[in-house]
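Q: Please take a close look at one part of this model, the surroundings of a bound ligand, and then place that part in its wider setting.

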Amino acid sequence: MSNCNSSIIDPPTLSGAVILLISSQLVTNYSRQVTPVYYPNHDGLDVKNSSFCNITVSYTHPDQSDVVSVEAWLPIDNWNGRLQVAGGSGLGPGRVDMSYGNMAGAVGEGYATASTDAGIATPLDPYSWVLDSPGKIDEVLVRHWGGDILNDMAVIAKSVIQDFYGRPPDYSYFNGCSQGGRQGFELAQNHPDAYDGIAASAPAIHWAQWAPAMFWPQMLMNTMNEYPHGCELDFLTTLAVQECDGDDGIVDGIISSPKRCSFNPFPHVGVNFTCFLEGRSMELSRAAAVIANASWTGPTDSDGNFIWYGLSYGTDLSGDFTGTGIAAITCTNSTCKGNPVPLAYQWIQLFVEKNPDYDYTTITRERYDEIMRVSGAEYDSIVASGNPNLTEFYRVGGKMMTYHGLYDQVIPIQATEQYYDDIRKFVPDVQEFYRFYEVPGLSHCFGNGQPTTVFDALRAWVENGTVPSSLPIVLTDVHGEKNNRIICPYPETGVYIEGCGNPADVACFTCAAD
Ligand SMILES: *[C@@H]1O[C@H](CO)[C@@H](O)[C@H](O)[C@H]1NC(C)=O
Ligand SMILES: *[C@@H]1O[C@H](CO)[C@@H](O)[C@H](O)[C@H]1NC(C)=O
Ligand SMILES: *[C@@H]1O[C@H](CO)[C@@H](O)[C@H](O)[C@H]1NC(C)=O
Ligand SMILES: *[C@@H]1O[C@H](CO)[C@@H](O)[C@H](O)[C@H]1NC(C)=O
Ligand SMILES: *[C@@H]1O[C@H](CO)[C@@H](O)[C@H](O)[C@H]1NC(C)=O
């Protein structure tokens, strides 16, 4: 028996908005195999035979002619008294496959959960919504996408929970990675009392710098008119790993202390090596050294000044291993061209140039400087989510946790480090409310080494005051061996205790300064 009926739901009160529709639908026998890919900060789970009430609230801001929908799933028999809202992914603010996976995991564990579409009906196709007309962005939707509707979701979810269960949630959480991570930071900054706890990993903060920065190696390849083969970049990564692997005390094929690494690719130009992907021998070109080096150092302007961070040594630059590489190329027969991350060129075409047909392959060095400048000037106030003043979030007792892979191939981990360091200017004891974990070997949000206990640690912190310290990960090394390791609150890392013996033994690691 259930009371899954929209008639028991009072229209939530949102200032400046009008509720258009509240729909209800009883969902029974719901199943989904939720892998950790879809459930960041948690372990995966096999959700079977779940029953929940799907309450979807649609509303508009009358002066904006928008329709925003928040979809909430409320467990029928096994509510654990808590709310866990799911963040978005890529350009999608929510109600995309990734968010639905997160929602499935959440209901499977007894949480009430929710996701918002931010008014964007087709989030996977930015060409359909970003521009009103060539030269003009849809200001309302872009601001919604940037996060001005994120607090509405918290208000709606809590209101619907109150009406459905007859009481508010005991605790409310936000969960996400990447776009979802950025949304978590946005909430901590601008809506500090929306959630008790925020798990916000590999956050796409400083979006206006980060998104076009991903295009940096592509612009260089286009202007040089040279497209180094992925194997060349992979070879350089292998050399960097050989040189720097042991810096962290263990040789396992993984660079755990990239800051100690200062690998120089240029002396290797002209070296012959075997490209295993194509089963042939190759000679390392100078262009490959230039592109790998540029990917590691990050964009600079025409005068050589820093614009944005680069990626760590060891990350997949070519996309050969993760499917996404900022320096990826595609070759047909013997003709090669750049294969940029879609988000990088979509950002430039739609948001910066405001022309869906803009030919990004023609971007010059000077134009790139201008693109970076315009991007920041026009979008920092909408989507940066990079304000480190978390004073209010701290004051109201909020807690936040973040993991970020040291092998993140799209979002430079150094931007997240910088944010952590900047918080300290406002809250010196940052660790009293925020803990950030760098994860050796992990690529963007998921993969080898993905931490699966971040959310539970956050809950224990919020609910029991159990301060999170080290967290376990399982790291598979180059030989396929699974190693139990720990990750530690930044600036400490899980350090191998010299002479301890078996580096697969978790007892051989301790949290210490890198
Ligand atoms: C419930 O779902 C499972 C898996 O999708 C299916 O095999 C089963 O037949 C369903 N049961 C009912 C009663 O519909
Ligand atoms: C599925 O869930 C329903 C509702 O909670 C329950 O009555 C039923 O026994 C469950 N079926 C199985 C196979 O567990
Ligand atoms: C929940 O309801 C909304 C609105 O009707 C619908 O779009 C969505 O697909 C539903 N989700 C599920 C899991 O039933
Ligand atoms: C930081 O935020 C707090 C609370 O919102 C505010 O009172 C304070 O003025 C801010 N500090 C700075 C330097 O902007
Ligand atoms: C809080 O502590 C109680 C008592 O030790 C325990 O049962 C519960 O699981 C803890 N809750 C969390 C979220 O860790």
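Which residues surround ligand 3?

A: Ligand 3 is surrounded by Ser23, Gln25, Val27, Asn54, Thr56, Glu71, Trp73 and Arg95, where a residue is near a molecule if one of its heavy atoms lies within 4 Å of it. This is a predicted model, in which local features need pLDDT of at least 70 and side-chain atom pairs count only at pLDDT 80 or more, while totals for chains, interfaces and linings use all residues. Residues are numbered from 1 along each chain as its sequence is written, chains are lettered from A and ligands numbered from 1 in the order in which they are written, and side-chain values use heavy atoms, with hydrogens and water left out.

Polar contacts (pairs of N or O atoms within 3.5 Å; within protein, one must be able to donate a hydrogen and the other to accept it, and residues adjacent in sequence count only if both atoms are side-chain atoms) link the ligand to three of these side chains. An oxygen atom of ligand 3 is 2.3 Å from a side-chain N or O atom of Asn54. For Arg95 the corresponding distance is 3.2 Å, and for Thr56 it is 3.3 Å.

As for the wider setting, the chain is divided into domain 1 (1-123 + 132-169) and domain 2 (210-381), with bounds from an automatic or database domain assignment. The contact between them (heavy atoms within 4.5 Å) takes 8 residues from domain 1 and 7 from domain 2. Their centres, taken over C-alpha atoms, are 37 Å apart.

Together the two domains bury about 630 Å², 79% of it on carbon and sulfur atoms; buried area is the accessible area (1.4 Å probe) lost when two parts are put together, summed over both. Between domain 1 and domain 2 there are 0 salt bridges (a side-chain nitrogen of Lys or Arg within 4 Å of a carboxyl oxygen of Asp or Glu). The interface has 1 residue pair in polar contact, both at pLDDT 80 or more. On the domain 1 side, strand E7 (136-137) and helix H2 (139-148) each supply at least two residues; helices (H or I, at least four residues) and strands (E, at least two) are DSSP runs numbered from the N terminus.

Two backbone details lie elsewhere in the chain. Ser178, in the loop between strand E8 (171-177) and helix H4 (179-190), has a positive phi near 65 degrees, in a residue other than glycine. A cis peptide bond joins Tyr490 and Pro491, with omega about 10 degrees, and Pro491 is found in the loop between strand E17 (482-487) and strand E18 (492-496).
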